[in-house]
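Got your viewer ready? Let's take a walk through this model, one selection at a time.

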Amino acid sequence: MDYVMKTNSLCKSYKDFKALNGLSMNVPKGSIYGFVGRNGAGKTTLIRMVCGIQFPTSGSFELYGVKNSDPKISDTRRRMGAVVETPSIIPYLSARKNLEIQYDIMGMPDYKGIDGLLELVGLTDTGKKQAKYFSLGMRQRLGIAVALCGNPDFLVLDEPINGLDPQGIIEMRELILKLNRENKITILISSHILDELSKIATHYGFINDGQIVREMSAEELDSECRKCIRIRVTDTAALARVLDGMGDEYKIIDKEYADIYASPNITDLAFSLWDEKCKIVSVYEHDESLEGFFISLVGGGSNE
(Lines give C-alpha, C1' and ligand atoms only; values in the text may rest on other atoms or scores of the structure.)
Protein backbone atom coordinates (compact mmCIF):
# COMPACT_ATOMS: atom_id res chain seq x y z
CA MET A 1 0.00 0.00 0.00
CA ASP A 2 1.23 3.50 -0.86
CA TYR A 3 1.27 6.06 1.95
CA VAL A 4 1.13 9.84 1.62
CA MET A 5 2.26 10.36 5.21
CA LYS A 6 4.03 8.14 7.71
CA THR A 7 5.30 8.90 11.21
CA ASN A 8 7.81 6.86 13.17
CA SER A 9 7.97 7.10 16.99
CA LEU A 10 7.27 10.83 16.81
CA CYS A 11 7.73 12.73 20.08
CA LYS A 12 7.13 16.34 21.07
CA SER A 13 7.88 17.54 24.59
CA TYR A 14 7.20 20.84 26.35
CA LYS A 15 9.21 20.83 29.59
CA ASP A 16 7.51 18.06 31.62
CA PHE A 17 4.62 17.48 29.20
CA LYS A 18 4.74 15.07 26.25
CA ALA A 19 2.26 16.15 23.58
CA LEU A 20 3.37 13.28 21.33
CA ASN A 21 4.83 10.14 22.87
CA GLY A 22 6.19 7.78 20.21
CA LEU A 23 3.37 8.30 17.71
CA SER A 24 3.45 6.06 14.63
CA MET A 25 0.73 6.34 11.99
CA ASN A 26 0.21 5.72 8.28
CA VAL A 27 -2.10 7.68 5.97
CA PRO A 28 -2.85 5.65 2.82
CA LYS A 29 -2.85 7.38 -0.56
CA GLY A 30 -6.38 8.17 -1.70
CA SER A 31 -7.91 7.83 1.75
CA ILE A 32 -10.02 10.06 3.96
CA TYR A 33 -8.20 9.44 7.22
CA GLY A 34 -10.17 10.26 10.35
CA PHE A 35 -7.83 11.34 13.15
CA VAL A 36 -9.75 10.77 16.40
CA GLY A 37 -8.74 11.75 19.91
CA ARG A 38 -9.67 13.70 23.03
CA ASN A 39 -8.81 17.33 23.62
CA GLY A 40 -5.08 17.39 24.41
CA ALA A 41 -4.40 13.96 22.91
CA GLY A 42 -1.92 15.44 20.43
CA LYS A 43 -3.93 15.81 17.21
CA THR A 44 -3.21 19.48 16.52
CA THR A 45 0.42 19.09 17.58
CA LEU A 46 0.89 16.37 14.98
CA ILE A 47 -0.80 18.46 12.29
CA ARG A 48 1.28 21.55 13.08
CA MET A 49 4.43 19.43 12.94
CA VAL A 50 3.62 17.93 9.55
CA CYS A 51 2.90 21.44 8.25
CA GLY A 52 6.31 22.66 9.46
CA ILE A 53 4.90 25.00 12.13
CA GLN A 54 6.49 22.96 14.93
CA PHE A 55 9.39 20.52 15.04
CA PRO A 56 9.68 17.08 16.67
CA THR A 57 11.72 16.47 19.80
CA SER A 58 12.57 13.01 18.47
CA GLY A 59 11.33 10.51 15.93
CA SER A 60 10.55 11.32 12.32
CA PHE A 61 7.86 11.57 9.68
CA GLU A 62 7.68 11.28 5.91
CA LEU A 63 5.63 13.00 3.23
CA TYR A 64 5.58 11.10 -0.04
CA GLY A 65 8.65 9.19 1.13
CA VAL A 66 10.66 12.33 1.94
CA LYS A 67 11.82 12.50 5.58
CA ASN A 68 11.34 15.64 7.65
CA SER A 69 15.14 15.88 8.04
CA ASP A 70 15.64 15.98 4.25
CA PRO A 71 16.11 19.51 2.79
CA LYS A 72 13.63 18.49 0.07
CA ILE A 73 10.78 18.40 2.62
CA SER A 74 10.00 22.08 1.93
CA ASP A 75 9.40 21.34 -1.74
CA THR A 76 7.38 18.24 -0.85
CA ARG A 77 5.10 20.31 1.38
CA ARG A 78 4.00 22.19 -1.73
CA ARG A 79 2.06 19.03 -2.54
CA MET A 80 -0.10 19.53 0.55
CA GLY A 81 -2.58 22.12 1.71
CA ALA A 82 -3.85 22.65 5.24
CA VAL A 83 -6.45 24.43 7.33
CA VAL A 84 -5.08 24.39 10.88
CA GLU A 85 -7.31 25.58 13.74
CA THR A 86 -8.77 28.60 11.85
CA PRO A 87 -8.94 29.34 8.09
CA SER A 88 -6.07 31.46 6.76
CA ILE A 89 -8.15 34.22 5.19
CA ILE A 90 -8.02 38.03 5.19
CA PRO A 91 -11.44 39.17 6.51
CA TYR A 92 -11.63 42.55 4.76
CA LEU A 93 -11.05 41.06 1.29
CA SER A 94 -13.39 39.19 -1.04
CA ALA A 95 -13.07 35.47 -1.70
CA ARG A 96 -11.43 36.15 -5.07
CA LYS A 97 -8.94 38.63 -3.60
CA ASN A 98 -8.01 36.13 -0.88
CA LEU A 99 -7.21 33.55 -3.53
CA GLU A 100 -5.29 36.05 -5.67
CA ILE A 101 -3.06 36.91 -2.70
CA GLN A 102 -2.42 33.22 -2.02
CA TYR A 103 -1.55 32.71 -5.70
CA ASP A 104 0.92 35.60 -5.43
CA ILE A 105 2.48 34.14 -2.27
CA MET A 106 2.94 30.79 -3.99
CA GLY A 107 4.41 32.38 -7.11
CA MET A 108 1.67 31.11 -9.42
CA PRO A 109 2.10 32.45 -12.98
CA ASP A 110 -1.53 33.63 -13.38
CA TYR A 111 -4.98 33.54 -11.81
CA LYS A 112 -6.52 31.05 -14.25
CA GLY A 113 -7.43 28.49 -11.61
CA ILE A 114 -9.32 30.84 -9.30
CA ASP A 115 -12.72 30.61 -11.01
CA GLY A 116 -12.55 26.83 -10.77
CA LEU A 117 -11.66 26.97 -7.07
CA LEU A 118 -14.52 29.34 -6.28
CA GLU A 119 -16.93 27.05 -8.11
CA LEU A 120 -15.52 23.98 -6.37
CA VAL A 121 -16.16 25.38 -2.87
CA GLY A 122 -19.48 27.02 -3.75
CA LEU A 123 -18.40 30.66 -3.51
CA THR A 124 -18.84 31.76 -7.13
CA ASP A 125 -21.60 34.26 -6.39
CA THR A 126 -19.98 36.09 -3.45
CA GLY A 127 -18.65 38.90 -5.69
CA LYS A 128 -16.96 41.72 -3.75
CA LYS A 129 -18.48 40.74 -0.42
CA GLN A 130 -15.83 40.84 2.29
CA ALA A 131 -14.98 37.53 3.96
CA LYS A 132 -15.79 38.96 7.41
CA TYR A 133 -19.46 39.00 6.39
CA PHE A 134 -19.42 35.33 5.34
CA SER A 135 -21.13 32.66 7.41
CA LEU A 136 -18.85 30.33 9.34
CA GLY A 137 -19.42 27.62 6.74
CA MET A 138 -18.48 29.98 3.91
CA ARG A 139 -15.30 31.01 5.73
CA GLN A 140 -14.38 27.38 6.24
CA ARG A 141 -14.90 26.65 2.55
CA LEU A 142 -12.86 29.70 1.60
CA GLY A 143 -10.10 28.46 3.89
CA ILE A 144 -10.13 25.16 2.03
CA ALA A 145 -10.00 27.02 -1.30
CA VAL A 146 -6.91 28.88 -0.06
CA ALA A 147 -5.37 25.55 0.96
CA LEU A 148 -6.11 24.16 -2.51
CA CYS A 149 -4.14 26.88 -4.29
CA GLY A 150 -1.24 25.18 -6.03
CA ASN A 151 -3.28 22.00 -6.70
CA PRO A 152 -2.13 19.89 -3.72
CA ASP A 153 -2.93 16.18 -3.65
CA PHE A 154 -2.85 15.95 0.17
CA LEU A 155 -5.17 18.09 2.30
CA VAL A 156 -5.02 18.39 6.10
CA LEU A 157 -8.12 19.70 7.89
CA ASP A 158 -8.20 20.43 11.62
CA GLU A 159 -11.81 20.30 12.90
CA PRO A 160 -13.38 21.45 9.59
CA ILE A 161 -17.00 21.17 10.80
CA ASN A 162 -16.54 22.53 14.32
CA GLY A 163 -19.28 25.08 15.05
CA LEU A 164 -21.13 24.64 11.75
CA ASP A 165 -24.91 24.45 11.61
CA PRO A 166 -26.53 21.31 10.08
CA GLN A 167 -26.61 22.80 6.56
CA GLY A 168 -22.98 23.85 6.86
CA ILE A 169 -22.02 20.34 7.97
CA ILE A 170 -23.76 18.82 4.96
CA GLU A 171 -22.02 21.23 2.57
CA MET A 172 -18.63 20.51 4.13
CA ARG A 173 -19.22 16.76 3.97
CA GLU A 174 -20.15 16.95 0.29
CA LEU A 175 -17.10 19.10 -0.48
CA ILE A 176 -14.72 16.71 1.29
CA LEU A 177 -16.17 13.72 -0.54
CA LYS A 178 -15.94 15.52 -3.87
CA LEU A 179 -12.30 16.50 -3.29
CA ASN A 180 -11.45 12.92 -2.45
CA ARG A 181 -13.48 11.06 -5.08
CA GLU A 182 -13.36 13.41 -8.04
CA ASN A 183 -10.14 15.34 -7.45
CA LYS A 184 -8.29 12.31 -6.04
CA ILE A 185 -7.02 14.24 -3.00
CA THR A 186 -5.92 12.32 0.08
CA ILE A 187 -7.46 13.99 3.16
CA LEU A 188 -6.45 13.86 6.83
CA ILE A 189 -9.27 15.10 9.08
CA SER A 190 -9.08 15.78 12.78
CA SER A 191 -12.60 15.92 14.18
CA HIS A 192 -14.45 15.46 17.46
CA ILE A 193 -17.86 15.05 15.75
CA LEU A 194 -17.37 11.32 15.47
CA ASP A 195 -20.73 10.25 14.06
CA GLU A 196 -20.31 12.75 11.22
CA LEU A 197 -16.76 11.57 10.61
CA SER A 198 -18.05 8.01 10.24
CA LYS A 199 -20.04 9.09 7.17
CA ILE A 200 -16.95 10.00 5.15
CA ALA A 201 -13.79 8.39 6.54
CA THR A 202 -12.21 5.41 4.79
CA HIS A 203 -9.52 4.92 7.45
CA TYR A 204 -9.08 5.84 11.11
CA GLY A 205 -6.30 6.54 13.56
CA PHE A 206 -7.26 6.67 17.24
CA ILE A 207 -4.87 8.73 19.38
CA ASN A 208 -4.62 8.85 23.16
CA ASP A 209 -1.92 10.48 25.31
CA GLY A 210 0.21 11.22 22.26
CA GLN A 211 0.16 7.65 20.92
CA ILE A 212 -1.81 5.87 18.23
CA VAL A 213 -3.74 3.15 20.03
CA ARG A 214 -5.23 1.70 16.86
CA GLU A 215 -5.39 2.20 13.09
CA MET A 216 -8.06 0.54 11.02
CA SER A 217 -10.08 0.78 7.82
CA ALA A 218 -13.74 1.78 7.73
CA GLU A 219 -14.58 -1.81 6.82
CA GLU A 220 -12.79 -3.10 9.91
CA LEU A 221 -14.60 -0.55 12.06
CA ASP A 222 -17.97 -1.47 10.57
CA SER A 223 -17.26 -5.11 11.35
CA GLU A 224 -16.62 -4.30 14.99
CA CYS A 225 -19.52 -1.83 15.30
CA ARG A 226 -22.12 -3.62 13.17
CA LYS A 227 -25.67 -4.19 14.30
CA CYS A 228 -26.41 -7.33 16.25
CA ILE A 229 -28.71 -8.86 18.82
CA ARG A 230 -27.19 -8.68 22.29
CA ILE A 231 -28.43 -11.51 24.46
CA ARG A 232 -27.98 -12.17 28.17
CA VAL A 233 -28.26 -15.78 29.25
CA THR A 234 -27.41 -17.88 32.30
CA ASP A 235 -24.77 -19.89 30.44
CA THR A 236 -22.99 -18.58 27.33
CA ALA A 237 -21.22 -21.92 26.82
CA ALA A 238 -24.62 -23.52 26.29
CA LEU A 239 -25.61 -20.62 24.04
CA ALA A 240 -22.51 -21.20 21.93
CA ARG A 241 -23.40 -24.86 21.44
CA VAL A 242 -26.93 -23.99 20.34
CA LEU A 243 -25.81 -21.23 17.96
CA ASP A 244 -23.17 -23.51 16.45
CA GLY A 245 -25.95 -26.00 15.72
CA MET A 246 -28.10 -23.27 14.16
CA GLY A 247 -25.18 -21.99 12.04
CA ASP A 248 -25.49 -18.40 13.28
CA GLU A 249 -22.50 -16.10 13.63
CA TYR A 250 -21.93 -14.84 17.16
CA LYS A 251 -19.40 -13.42 19.62
CA ILE A 252 -19.21 -14.41 23.26
CA ILE A 253 -18.55 -11.34 25.43
CA ASP A 254 -18.41 -12.93 28.90
CA LYS A 255 -20.19 -15.58 30.98
CA GLU A 256 -23.56 -13.85 30.55
CA TYR A 257 -23.53 -11.77 27.36
CA ALA A 258 -23.10 -12.53 23.67
CA ASP A 259 -23.75 -10.78 20.36
CA ILE A 260 -25.60 -12.64 17.61
CA TYR A 261 -25.00 -11.35 14.06
CA ALA A 262 -28.23 -12.76 12.65
CA SER A 263 -31.97 -12.70 13.31
CA PRO A 264 -32.73 -16.05 14.92
CA ASN A 265 -36.25 -17.16 15.77
CA ILE A 266 -36.32 -16.29 19.45
CA THR A 267 -38.90 -18.98 20.26
CA ASP A 268 -36.80 -21.71 18.66
CA LEU A 269 -33.69 -20.33 20.37
CA ALA A 270 -35.43 -20.27 23.75
CA PHE A 271 -36.60 -23.90 23.43
CA SER A 272 -33.15 -25.05 22.34
CA LEU A 273 -31.55 -23.26 25.28
CA TRP A 274 -34.14 -24.75 27.64
CA ASP A 275 -32.98 -28.20 26.56
CA GLU A 276 -29.47 -27.09 27.53
CA LYS A 277 -30.76 -25.89 30.93
CA CYS A 278 -29.97 -22.29 29.95
CA LYS A 279 -32.37 -19.38 30.39
CA ILE A 280 -32.64 -16.13 28.38
CA VAL A 281 -32.49 -13.12 30.70
CA SER A 282 -32.78 -10.34 28.11
CA VAL A 283 -32.58 -9.68 24.36
CA TYR A 284 -32.17 -6.33 22.58
CA GLU A 285 -30.79 -4.82 19.39
CA HIS A 286 -27.33 -3.35 19.74
CA ASP A 287 -24.95 -1.40 17.54
CA GLU A 288 -21.89 0.51 18.68
CA SER A 289 -21.30 4.04 17.38
CA LEU A 290 -17.89 5.40 16.46
CA GLU A 291 -17.99 7.38 19.69
CA GLY A 292 -18.78 4.26 21.69
CA PHE A 293 -15.97 2.36 20.00
CA PHE A 294 -13.54 5.20 20.76
CA ILE A 295 -14.53 5.22 24.43
CA SER A 296 -14.04 1.45 24.59
CA LEU A 297 -10.53 1.92 23.19
CA VAL A 298 -9.29 4.68 25.47
CA GLY A 299 -11.66 4.58 28.45
CA GLY A 300 -14.26 7.09 29.66
CA GLY A 301 -14.04 10.85 29.80
CA SER A 302 -14.67 13.68 27.39
CA ASN A 303 -13.14 13.70 23.93
CA GLU A 304 -12.37 16.52 21.55
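Start with the largest pocket, which has a volume of about 520 Å³. Keep in mind as you go that this is a predicted model. To find the middle of the pocket, select Met 80, Gly 81, Ala 82, Gln 102 and Ala 147, which lie nearest the centre among the 20 residues of the lining. Next, colour β6 (80-83), α3 (95-106) and α5, the elements that each give two or more residues to that lining. Colour the lining by class and you should get 13 nonpolar, 5 polar and 2 charged residues.

Since α5 is already coloured, stay with it. Select helix α5 (residues 136-148) together with helix α6 (residues 166-181): their axes come within 11 Å and cross at roughly 20°. How do the two helices run relative to each other? With angles under 35 degrees counting as roughly parallel, α5 and α6 are therefore roughly parallel to each other. Their crossing is right-handed. To see who does the touching, show side chains for Gln 140, Arg 141, Ile 144 and Leu 148 on α5, then Glu 171, Met 172, Leu 175 and Leu 179 on α6. That set is made up of 5 nonpolar, 1 polar and 2 charged residues.

Now for the enclosed spaces. How many cavities of 30 Å³ or more are there? The count comes to 2. The largest cavity holds about 70 Å³ of space. To outline it, select Pro 160, Ile 161, Ile 169, Met 172, Arg 173, Ile 176, Ile 189, Ser 191, Glu 196, Leu 197 and Ile 200. Which element gives the largest share of this lining? That would be α6, with 4 residues. Both α6 and α7 (194-197) supply at least two residues here. By class, the lining of the largest cavity splits into 8 nonpolar, 1 polar and 2 charged residues.

The second largest cavity contains about 30 Å³ of space. Select Val 83, Gln 140, Ile 144, Leu 157, Pro 160 and Met 172 to see its lining. You've met some of these before: Gln 140, Ile 144 and Met 172 take part in the contact between α5 and α6, while Pro 160 and Met 172 also line the largest cavity. This second lining has 5 nonpolar residues, 1 polar residue and no charged ones.

Time to move along the chain to the second largest pocket, with about 230 Å³ of space. Its lining has 14 residues, and Glu 224, Lys 251, Asp 259, Tyr 261 and Glu 288 are the ones to select for the spot nearest the centre. Then bring up α8 (218-225) and β11 (228-233), each of which supplies at least two lining residues. Of the elements here, α8 gives the most, with 3 residues. Colour by class again: this lining has 5 nonpolar, 2 polar and 7 charged residues.

For the last stop, select helix α9 (residues 236-246) and helix α10 (residues 266-275). They pack at an angle of about 130°, with their axes 10 Å apart. That angle makes α9 oblique to α10, and the crossing of this pair is right-handed. Show Ala 238, Leu 239, Val 242, Leu 243 and Met 246 on α9, plus Leu 269, Ser 272 and Leu 273 on α10, and you have the contact in view. It divides into 7 nonpolar residues, 1 polar residue and no charged ones.

Terms used: Residues are numbered from 1 along each chain as its sequence is written. This is a predicted model: local features need pLDDT of at least 70, side-chain atom pairs count only at pLDDT 80 or more; totals for chains, interfaces and linings use all residues. Side-chain values use heavy atoms; hydrogens and water are left out. Axes are lines fitted to C-alpha atoms, for helices over the stretch in contact, and angles run from 0 to 180 degrees between N-to-C directions. Angles under 35 degrees count as roughly parallel, over 145 as roughly antiparallel, 65 to 115 as roughly perpendicular and the rest as oblique. A crossing is left-handed if the near helix is turned anticlockwise from the far one by less than a right angle, and right-handed if clockwise. Contact means heavy atoms within 4.5 Å. Ala, Val, Leu, Ile, Met, Phe, Trp, Tyr, Cys and Pro count as nonpolar, Asp, Glu, Lys and Arg as charged, and the others, Gly among them, as polar. On a 1 Å grid over the protein atoms alone, a cavity is a set of points where a 1.4 Å probe fits but cannot get out, and a pocket is an open set with protein on both sides within 12 Å along at least five of seven lines; lining residues have an atom within 4 Å of a point. Grid points are joined across faces, edges and corners, and a volume is the space filled by probe spheres set on the points.
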